[in-house]
Amino acid sequence: AALVSNTTVAPLYLERVSNLLFRNGIDNFSIILPDGEQYKTIDSLNLIYSGLLEKHADRRTTVVALGGGVIGDMAGFAAATYQRGVPFVQIPTTLLSQVDSSVGGKTAVNHPLGKNMIGAFYQPQLVLADLAVLDTLPGREYSAGMAEVIKYALLGDIRFLDWLQTHMSELMQRRPDVLAEAVCHCCRMKADIVAQDETEQGARALLNLGHTFGHAIEAEMGYGVWLHGEAVSAGTVAACLLSEQLGSLKRQDTERVQALFRAAGLPDAPPRFPFERWLAHMRHDKKAQDGEMRFITLDGLGRAKITRISDTALLRGSLKDYLDD
């Protein structure tokens with residue numbers, strides 16, 4: 001096995017995982033990458049390839065991703081492409097990766113012109129989400145993961161939204177039983193959606209709620225300046241504002257969403273930058289098709305749909321309070 005981790009997670013858990021594998025007769029070696037979204041690049045991907053080649057890894061070598069979403073995405077893409085595909089296992093160590101990015105087989109690296117533009121669909125053989133590793137997760141990273149938890153409630157389960165509002169303080173205290181219920185629920189929802197639409201031709205696109213705006217925020221602010229979950233939080237609020245412009249969501253619903261994000265320690269509004277910069281980023285988004293931008297909007301809380309938009313005035317109207325023009 002090739003254990004792919006980063007400079008933050010490796011000192012905490014790599015030796016333990018490695019020793020467990022050795023004790024069970026599995027030879028293994030490690031590949032350590034720098035930590036951060038800004039390193040989710042072709043250059044870092046080449047470090048994985050080089051590590052595999054230097055150790056003469058073959059098609060029976062299993063790539064194990066030990067880390068958060070960035071490590072999972074890069075190690076998964078390396079596994080998908082090394083010798084045209086080797087086995088892959090995910091051990092996600094952040095809340096965001098446990099509830100979202102480790103499940104479903106999306107792998108990728110970023111390009112300066114767009115997030116996750118170079119990648120592949122490649123399913124892991126196993127996802128092992130050990131909630132105990134979240135004890136060492138910094139508060140900001142933990143909050144970032146809550147953005148994806150809230151997303152699942154908004155896109156398809158109003159009862160889960162009510163449950164989150166009731167239990168948010170316990171979730172933020174990382175109470176194990178409540179946390180386990182949230183992680184399980186999100187994994188189950190995502191697995192069901194992916195089973196219907198593995199390569200995102202239809203229903204799976206709903207999982208991108210907040211992501212078109214969110215990816216624009218990450219690209220504009222600089223990858224790693226805003227955490228992915230923070231950008232998804234602000235992007236989801238922007239998606240609510242767009243839904244208001246379309247007449248499908250009430251103002252009090254948007255305010256309810258903003259309050260929930262605040263309770264999770266997340267941004268409740270997008271950052272300010274020029275409208276043309278918003279447009280430039282969103283037109284490069286991989287969800288754009290035939291010159292139209294695609295957004296996930298809400299027909300009320302818990303009901304999401306795909307909306308194609310070419311009317312830039314509509315977008316400007318939804319972002320009017322967050323423009324530096």
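**Figure 1. An open, parallel sheet of 5 strands runs in the order E2-E1-E3-E4-E7.** This is a predicted model. Strand E2 (29-33) and strand E7 (126-127) stand at the edges. Each has a single partner strand, so one side of each is left without a neighbour in the sheet. Two helices that pack on this sheet are shown next.

**Figure 2. Helices H1 and H2 pack on the sheet.** Helix H1 covers residues 10-23 and touches E1, E2, E3 and E4. The direction of H1 makes about 170° with that of E1. Helix H2 covers residues 42-54 and touches E1, E2 and E3. The direction of H2 makes about 165° with that of E2.

**Figure 3. Strand E3 pairs with E1 and with E4.** Strand E1 (residues 2-6) runs parallel to E3, and 3 bridges join them. Alanine 2 stands opposite valine 63 of E3. Valine 4 has alanine 65 in E3 as its bridge partner. Strand E4 (residues 88-92) also pairs with E3 in the parallel sense, over 5 bridges. Here leucine 66 has isoleucine 91 of E4 as its bridge partner. E3, helix H3 (residues 69-81) and E4 together make a right-handed β-α-β unit.

**Figure 4. Strand E3 is largely enclosed by the rest of the structure.** Why can this be said of E3? The strand spans residues 63-67, and 5 of its 5 residues are buried, so the rest of the structure largely encloses it. In a regular strand, side chains alternate between the two faces of the sheet. Both faces of E3 are covered. Val63, Ala65 and Gly67 lie on one side, Val64 and Leu66 on the other, and all are buried.

**Figure 5. Leucine 171 sits in the largest nonpolar core.** This core has 79 residues. Which of them touch the most other members? They are Leu95, Met146, Leu171, Phe213, Trp278 and Leu315. Sequence neighbours up to four places away set aside, leucine 171 touches Tyr142, Met146, Trp163, Leu164, Val178, Leu179 and Ala182. Another core, of 23 residues, lies apart from the largest one. Among its members are Phe29, Met74, Val86 and Phe88.

**Figure 6. Histidine 281 lies in helix H11.** The helix spans residues 275-283. Is histidine 281 buried or exposed? Its relative accessibility is 15%, and buried means under 20%, so histidine 281 counts as buried. Leaving out residues up to four places away in sequence, histidine 281 touches Ala216, Ala219 and Glu220.

**Figure 7. The close-ups belong to a protein with 12 helices and 9 strands.** The radius of gyration is 19 Å, close to the 20 Å that the globule rule gives for 325 residues. The protein is therefore as compact as a globular protein of that length. Along the principal axes, the C-alpha atoms fill a box of roughly 60 × 40 × 35 Å. Of the 325 residues, 57% count as buried. Among contacts with a separation of 6 or more, 73% join residues 24 or more positions apart.

How values were computed. Residues are numbered from 1 along each chain as its sequence is written. This is a predicted model: local features need pLDDT of at least 70, side-chain atom pairs count only at pLDDT 80 or more; totals for chains, interfaces and linings use all residues. Side-chain values use heavy atoms; hydrogens and water are left out. A nonpolar core is a set of buried Ala, Val, Leu, Ile, Met, Phe, Trp, Tyr and Cys residues joined through side-chain atoms within 4.5 Å. Buried means under 20% relative accessible area, exposed over 50%, partly exposed in between (1.4 Å probe, protein chains only). Contact means heavy atoms within 4.5 Å. Helices (H or I, at least four residues) and strands (E, at least two) are DSSP runs, numbered from the N terminus. Two strands pair if DSSP finds at least two bridges between them. A crossover is right-handed if, with the strands pointing away from the viewer, the path from the first strand over the helix to the second runs clockwise. Axes are lines fitted to C-alpha atoms, for helices over the stretch in contact, and angles run from 0 to 180 degrees between N-to-C directions. The radius of gyration is taken over C-alpha atoms; the globule rule is 2.2 Å times the number of residues to the power 0.38.
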